[in-house]
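Welcome, and thanks for taking a look at this model. The report below walks through its open and enclosed spaces, its packing and a few individual residues.

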Amino acid sequence: MKNFLISGMLLIFASASVYAGGYRVAAQGQRALAMGHAGVGVVNSAEIAFFNPSGMVYLEDKFTVSAGVTGVFSNVKWQNRSTGQFAETQQGAGTPFYLHAAYKVNEWISLGLSVTTPYGSSVEWEPDWAGSHLVNDINLAAIFIQPLVSIKLSEHFSIGGGPIFVTGNVNFNRNASRTLTDEQGNRSNITVDDTGVSNTGWSGSFMFTPVKELRIGFNYRSEILLNAEGGEAVFSNFPNSALTPQNGTTTFNATLPLPAELTIGFAYEPNEKWLFAFDYQRAFWDVYNSLDIEFGNPNVPTSINPRNYKNASIYRFGAQYKATDNVTLRAGYYFDESPVQAGFFAPETPRNDGNGYTAGLSFQVSEKLAIDASFLYLRFQEVDASYDSYLENGQSVPFSGTYKSNAFLPGLGVTYKL
C-alpha cells in the first residue's frame, strides 16, 4: 500500500516534469526572426552559423559577429467550463540570447562559433491552483555551444558543421496530489533542481547555389539526451505518515530529450532590393516516448511516465526589403505544429498549434556596425484538452480544460564586421 501510494504520487510528479514537448525557443537571430525565423538559405550575417554553417564561407567580410537578446512575455489562461474554475500564468520575462561569429581563413574555408539558447521554458501558475498536482512552476534553460567549420567545395556547393556541447539547468515544483497536506494544512509538494547537466551532439549542413539569385540550404542538428544524474529532489510539507514520503532531500536521475531537427529551404534574391526565404523544419519529438525518474531514496520507487509525443513540422516564410542604404525592412510568418497528442496536454507546456507573425529591421549605423531589431507575436490556437495520465488509487483522473495562450517576443541585436 505504501509503495502504491508513493508510486501514484511520483507518477504525477514525473508527468509534470520538464521533459515535455513544446520547450523549443526560436530566437537565434534578430534578422532571421524578423523573417519568420527562416534562415537556412539566407547569407546576410553571422547568424548563418546557427541556421546553416556551410553558408559561412559565402560571407564577404573577413570577420563577422552577431549578438542579441530577446524578451519572451507569455500568457496562458485555463478554465474548466463545467465548474467555472479559472487560472492564469504569472511568470516574468524569459531572455534567450545568441552570439555568432564567423572568420574567413581564405576563399575556401571559414571558421565559426555559435552560442545559443534554443531550448527553455518558464511557466508559473498561482500556487495551489486547480492543476497544482501537475505543476506549480517550472524553469528550464539549455545553452548550445558550437565550434564550426565551413568548406567551399566549388563555386556552387559548400558543406559545414561541427560538434555541439550543451549545458542545462532545471527547477520544477508541483504539489504531491490534489489534496494531501501536512498537519498544519500546507499542501505537500516536491521540488527538483539540477544544474550543469551536459552532453554533446553534432550538426551537418550544405548549401547549393545553382544561380547567384538562389541559395538552397540543408541543415541537420542531432538529437541530444541530457542526463540529470544526482540532482536534488526536496519533499516538503508531507504528513508524518508511513504511507507518504518523508520530508527531506534525496537525489534523482532522469533524462531530458532535445530532439533532432532537419531543415531544408531556400533564399531567392530577384534584385538588390528584395529577398524571399522559405524553411521547412521537421522536429523529431518521437524520441520523447516516456519519462523515467529514479530517486536516490530506495523507499521511493522509480516513476515511469508515458508521453507519446509525435514528430512535428514548422513552415517558415520571410521577406526582406532594402528601403534605403541604411534601413532594411523584414517581415514573416510561420506555422508551428504541436508535438502533443490528445490525452497528453499537460499544463507545464500548454502549447497547441501556433501561428507566428514577425517583423523587424536593420539600421546601418556605420559601414561596420548595424543594429538589428525584431518582433514576434505568437498565438496558439485555443484548445479543449486534457491530461489523462494522472492516477489516484490506481484510477485515471484526467485534468481537462480550455487553454488560451499567446506570447510577445521583442528582440534587439547588433551585427559587426571587419
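## The largest pocket

Strand β18 is the top contributor to the lining of the largest pocket, giving 3 residues. This is a predicted model, and the space in that pocket comes to about 960 Å³. Its lining has 30 residues, and the closest to the pocket centre are Arg31, Val43, Asn44, Gln320 and Lys417.

Five strands give two or more residues to this lining: β13 (274–283), β16 (312–322), β17 (327–336), β18 (354–364) and β22 (399–417). Sorted by class, the lining of the largest pocket holds 7 nonpolar, 10 polar and 13 charged residues.

## The second largest pocket

Next comes a pocket with a volume of about 820 Å³. Here 41 residues form the lining, and Val25, Val72, Gly120, Ser121 and Ser122 are the closest to the centre.

Which strand gives the most to the lining of the second largest pocket? That is β5, with 6 residues. At least two residues each come from β2 (73–79), β5, β6, β16, β17, β19 (369–387) and β22. The class make-up of this second lining is 21 nonpolar, 15 polar and 5 charged residues.

## Enclosed cavities

How many cavities of 30 Å³ or more does a search of the whole structure find? The search finds 7. The largest cavity holds about 110 Å³ of space. Its lining is made up of Arg24, His37, Phe50, Phe51, Asn219, Arg221, Glu261, Thr263, Asp279, Gln281 and Arg316. Helix α3 and strands β9 (214–221), β12 (261–268) and β13 each supply at least two of the lining residues. By class, the lining of the largest cavity has 2 nonpolar, 4 polar and 5 charged residues.

The second largest cavity has a volume of about 80 Å³. Arg24 and Glu261 appear in the lining of the largest cavity, and they also line the second largest cavity, along with Ala283, Trp285, Ala312, Ser313, Ile314, Asp336, Glu337, Pro339 and Arg351. Strand β16 provides the largest share of this lining, 3 residues. The lining of the second largest cavity divides into 5 nonpolar, 1 polar and 5 charged residues.

## Overall build

Stepping back, the protein has 3 helices and 22 strands. Its C-alpha atoms fill a box of roughly 70 × 40 × 35 Å along the principal axes. A compact globule of 418 residues would have a radius of gyration near 22 Å, so the 23 Å of this protein agrees with that expectation.

Of the 418 residues, 53% count as buried. Among contacts with a separation of 6 or more, 70% link residues 24 or more positions apart.

## Nonpolar cores

The largest nonpolar core has 53 residues, of which Trp125, Val166, Phe252 and Leu258 touch the most other members. Strand β10 (residues 224–236) gives the most to this core, with 5 residues. Beyond its neighbours within four places in sequence, Val166 is in contact with Ala142, Ile143, Phe144, Val197, Ser198, Asn199, Ile224, Leu226 and Leu258. A second, separate core has 11 residues, including Ala27, Leu376, Leu378 and Phe380.

## A closer look at Ile164

Strand β7 (residues 157–175) is home to Ile164. Is Ile164 buried or exposed? Ile164 counts as buried because its relative accessibility is 1%, under the 20% cut-off.

Setting aside neighbours within four places in sequence, Ile164 is in contact with Phe144, Ile145, Gln146, Asn199, Thr200, Gly201, Trp202, Ser203, Arg221 and Ile224. One of these, Arg221, is also part of the lining of the largest cavity. Ile164 and Pro147 are 17 residues apart along the chain, and 7.3 Å separates their C-alpha atoms.

## Two positive phi angles

Most residues other than glycine have a negative phi. His37, however, has a positive phi near 60 degrees. This histidine sits in the loop between α2 (30–34) and α3 (48–51). With 3% relative accessibility, His37 counts as buried, and His37 is among the residues that line the largest cavity.

Asp128 has a positive phi too, near 65 degrees. Its place is in the loop between β5 (109–124) and β6 (137–154). At 42% relative accessibility, Asp128 counts as partly exposed.

Methods:
Residues numbered from 1 in each chain as written. Predicted model: local features only at pLDDT ≥ 70, side-chain atom pairs only at ≥ 80, totals over all residues. Heavy atoms only, no water. Helix = DSSP H or I, 4+ residues; strand = E, 2+ residues; numbered from the N terminus. Buried < 20%, exposed > 50% of the residue type's maximum accessible area, 1.4 Å probe, protein only. Contact = heavy atoms within 4.5 Å. Core = buried A, V, L, I, M, F, W, Y, C linked by side-chain atoms within 4.5 Å. 1 Å grid on protein atoms, 1.4 Å probe; cavity = no way out; pocket = protein on both sides within 12 Å on 5 of 7 lines; lining within 4 Å. Points joined across faces, edges and corners; volume = space filled by probe spheres on them. Nonpolar A, V, L, I, M, F, W, Y, C, P; charged D, E, K, R; others polar. Rg over C-alpha atoms; globule rule 2.2 N^0.38 Å.
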